[in-house]
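Please open the structure in your viewer and keep the selection tool at hand. The tour below proceeds from one selection to the next.

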Amino acid sequence: MPKSMDVGISHHTPIKHAIMCEFVGKEVRAANRLGWFERLVWIDLTAGNAIAANPDAWSESCSPGILASLAAFSDKPVVIDLYEKNPDTYAALLDNLAANLPALGYERFEEHKWRIGATEVRAWNGDGREAGVDHIRRSDAVLVLNDPNGITEWAMHRRFTAVLDSKAKGIRTLSCVGFNVAGIKRAPFQRDQHAPRTDSVSARSEWYELIGSVTDYLPERLDLMLAGFTRDSSQWAYLFSSPKVWRDKGEEEEVIGKAFTATGEVHDYEFAWFKRDREKFNRLVDRRILTKAELAELENPVLPFEGSGEEDAA
Ligand SMILES: C[S@@+](CC[C@H](N)C(=O)[O-])C[C@H]1O[C@@H](n2cnc3c(N)ncnc32)[C@H](O)[C@@H]1O
């Protein structure tokens, strides 16, 4: 498996940020209308360095900037937790927050914390898989961003959506996943050792479990969209949960359509909803996890007696 996963900024980045902006912006607009959410809790498990992909638009082109700027439009308090595990990247994150948050009206009150009114941004040098949930209350609407450099760095603990679902009133997640970044699909399908297996993503069969950790705890009122590039060697795809009422109005399809043309270039993409189009959803997942040979075998399985010369035996 390749050692380096430093993928930096690519043509996927503006598409990802366009999807993030809509994902978070719609949450704010909905929560402003809905009385039963008292507070918004946003957890960015993979904050990065907060350097804008587009230097002229910090608020739209890095996840900390998107979260901090859209929180300013919320009528309700927002708590934003930014996790970054790499110490050097975390140091850059603090510097870039310090450079950009004051322009949005935030003031620093601790080394790693800023606030504007009742809204707080908090940065943590830690692993997103260990993100704290003690502060979450029953009247909170929780949003989670999981944007690792590739699926092998998936930063959301497998029980995370289950725990959040049991604690909060609402929970939506957005995972940005490259299934073949730096050739990671060369990993074997099954692992050869049996233990320890907790949180392992070393075999591709375990990638199905990561997606299952989101689909298994999808609240009744939500569905999950997978939208991904059709022809893309890194096989980037975006998995996000949305209310079925938005799905049924076609709103999320519009969001995806705009995002994949955000740069003015046309990128071919495909999408499916987990609950509405289960078979298509599973096919899109298979295409991202299985090799061409495995896919061909899935579509045309070799029968157990095929080729044995005994096909006609009584
Ligand atoms: C693709 S970058 C994030 C970009 C950022 N979300 C944005 O849109 O501006 C991925 C970052 O996540 C960090 N990371 C990966 N796994 C992590 C984990 N388990 N916990 C915290 N940070 C993680 C990496 O160090 C890297 O800085």
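At roughly what angle do the axes of helix α5 and helix α8 cross? Select residues 205-215 for α5 and residues 278-289 for α8; in this predicted model, their axes cross at roughly 145° and come within 10 Å. The crossing of α5 with α8 is right-handed.

Now display the side chains where these two helices meet. On α5, the contact is formed by Trp207, Tyr208, Ile211 and Thr215, and on α8 by Phe281, Val285, Asp286 and Ile289. Sorted by character, the residues of this contact comprise 6 nonpolar, 1 polar and 1 charged.

**Helix α1 and helix α7**

Next, select residues 13-33, which form helix α1, together with residues 251-259, which form helix α7. The axes of α1 and α7 come within 8 Å and cross at roughly 150°. Because angles over 145 degrees count as roughly antiparallel, α1 is roughly antiparallel to α7. The crossing of α1 and α7 is right-handed.

To view the contact, show Ile15, Ala18, Ile19, Glu22 and Lys26 of α1, which meet Glu251, Glu252, Val255, Ile256 and Ala259 of α7. The residues of this contact divide into 6 nonpolar and 4 charged, with no polar ones.

**Helix α1 and helix α2**

Keep α1 selected and add residues 63-71, which form helix α2. Here the axes cross at roughly 25° and come within 10 Å. Angles under 35 degrees count as roughly parallel, so α1 is roughly parallel to α2. The crossing of α1 and α2 is right-handed.

From α1, the residues to display are His17, Met20, Cys21, Val24, Gly25 and Val28; from α2, they are Ser63, Ile66, Leu67 and Leu70. This contact of α1 with α2 holds 7 nonpolar and 3 polar residues, and no charged ones.

**The ligand**

His17, a member of the contact between α1 and α2, leads to the next stop. Select the ligand and its surroundings: 21 residues surround the ligand, and His17 is listed among the closest, with Glu84, Asp127, Gly128 and Asp147.

Which atoms of the ligand should be examined here? Begin with Glu84: an N or O atom in its side chain is 2.7 Å from an oxygen atom of the ligand. Move to Asp147, where a polar side-chain atom lies 2.7 Å from a nitrogen atom of the ligand. Finish at Lys85, of which a polar backbone atom is 3.2 Å from a nitrogen atom of the ligand.

Methods. Residues are numbered from 1 along each chain as its sequence is written. This is a predicted model: local features need pLDDT of at least 70, side-chain atom pairs count only at pLDDT 80 or more; totals for chains, interfaces and linings use all residues. Side-chain values use heavy atoms; hydrogens and water are left out. Axes are lines fitted to C-alpha atoms, for helices over the stretch in contact, and angles run from 0 to 180 degrees between N-to-C directions. Helices (H or I, at least four residues) and strands (E, at least two) are DSSP runs, numbered from the N terminus. Angles under 35 degrees count as roughly parallel, over 145 as roughly antiparallel, 65 to 115 as roughly perpendicular and the rest as oblique. A crossing is left-handed if the near helix is turned anticlockwise from the far one by less than a right angle, and right-handed if clockwise. Contact means heavy atoms within 4.5 Å. Ala, Val, Leu, Ile, Met, Phe, Trp, Tyr, Cys and Pro count as nonpolar, Asp, Glu, Lys and Arg as charged, and the others, Gly among them, as polar. A residue is near a molecule or strand if one of its heavy atoms lies within 4 Å of it. A polar contact is a pair of N or O atoms within 3.5 Å; within protein, one must be able to donate a hydrogen and the other to accept it, and residues adjacent in sequence count only if both atoms are side-chain atoms.
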